[in-house]
Amino acid sequence: MTRDPQAQPRPAVFFDRDGVVNVSPGPGYVLSWEAFQISPGLFDLLRDVHRQGWLAIIVTSQKGVGKNLMTQADLDEIHANLQSTLRNGIGSGFDGIYAYTGTPDCPHRPKPDPEMILTAAREWNIDVKRSWLIGDADRDIEMAVSAGIEHTIRVRGDNPIGFPATHTVDSLAEALAILTRHWSVDGKAPD
Ligand SMILES: [Mg+2]
């Protein structure tokens, strides 16, 4: 994947992290790579997003950093391990990872503010309107809608549902089936 500002904008799948990319830690935080459990079905989903020519971007809240439960270096190490595990498994990792940490110098805004999606869209030349978001909480879906994303998938989990997504699933395999159906009619892979 390369950043080419001259290229046609590409759609992305935006991923919430905890409860989507990895198994939800519940009300707490994932403080180390040892505690990070990749969700079943993630490899297949990410591989197919990239085969489609789409980008894959994580937009996550990691306020454990702002609460001094972990350092920015701890968070970076978890994400570096995630990326290398994905590259070893399927040949590619996420194109970008954007994290709101709640520290005074954090450049990002908390969900449901759409800032992380809009920043990624600018940096990666993303076609937001054709993009999708997969999340497990109301704030994920609200953030996507605020950014102008029309297609949202909620992975059912611990969180109560107050803000409906366009699709609701129980697994990443189901999410991939929905995207695959969508790609067969809409998002043709680029030449
Ligand atoms: Mg989540």
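These are my notebook entries on the sheet, two helices and two pockets of a predicted model.

**Entry 1: the sheet**

I began with the strands. I found 6 of them in an open sheet, and the pairing is parallel. Reading across, I noted the order β3-β2-β1-β4-β5-β6. Which strands sit at the edges? They are β3 (96-100) and β6 (167-169), each with a partner on one side only. I also looked up the twist, which averages 20° from one strand to the next. As a reminder to myself, strands of a sheet pair through backbone hydrogen bonds, either parallel or antiparallel.

**Entry 2: one strand pair**

Next I picked β2 and β3. They pair in the parallel sense over 5 bridges. Which residue does Ser 61 stand opposite in β3? I found Tyr 100 there.

**Entry 3: helix α3**

I then turned to α3 and asked which strands it lies across. The list is β1 (12-15), β2, β3 and β4. Against β3, I noted that α3 runs at about 150°.

**Entry 4: helix α4**

I wanted the buried residues of α4, and they are Asp 138, Asp 140, Ile 141, Met 143, Ala 144 and Ala 147. Two aspartates are on that list, Asp 138 and Asp 140. What do the buried residues of α4 pack against? I wrote down β2, α3 (115-124), β4 (132-135) and β5 (151-155). Just after α4, I came across Gly 148 with a positive phi of about 100°.

**Entry 5: the largest pocket**

Pockets came next, and you may want these entries at hand. The largest one holds about 420 Å³ of space. I found 19 residues lining this pocket, and those nearest its centre are Asp 18, Gly 26, Pro 27, Gly 28 and Arg 139. Which elements give two or more residues to this lining? They are β2 (55-61) and α4 (138-147). So α4 turns up again, after its packing against β2 among other elements. By class, the lining of the largest pocket divides into 5 nonpolar, 6 polar and 8 charged residues.

**Entry 6: the second largest pocket**

I closed with the second largest pocket, which has a volume of about 190 Å³. It is lined by 14 residues, and I noted Gly 19, Val 23, Ser 39, Val 155 and Arg 156 as the closest to its centre. How does this lining divide? I wrote down 5 nonpolar, 5 polar and 4 charged residues for the second largest pocket.

Methods
Residues are numbered from 1 along each chain as its sequence is written. This is a predicted model: local features need pLDDT of at least 70, side-chain atom pairs count only at pLDDT 80 or more; totals for chains, interfaces and linings use all residues. Side-chain values use heavy atoms; hydrogens and water are left out. On a 1 Å grid over the protein atoms alone, a cavity is a set of points where a 1.4 Å probe fits but cannot get out, and a pocket is an open set with protein on both sides within 12 Å along at least five of seven lines; lining residues have an atom within 4 Å of a point. Grid points are joined across faces, edges and corners, and a volume is the space filled by probe spheres set on the points. Helices (H or I, at least four residues) and strands (E, at least two) are DSSP runs, numbered from the N terminus. Ala, Val, Leu, Ile, Met, Phe, Trp, Tyr, Cys and Pro count as nonpolar, Asp, Glu, Lys and Arg as charged, and the others, Gly among them, as polar. Buried means under 20% relative accessible area, exposed over 50%, partly exposed in between (1.4 Å probe, protein chains only). Contact means heavy atoms within 4.5 Å. Two strands pair if DSSP finds at least two bridges between them. Axes are lines fitted to C-alpha atoms, for helices over the stretch in contact, and angles run from 0 to 180 degrees between N-to-C directions.
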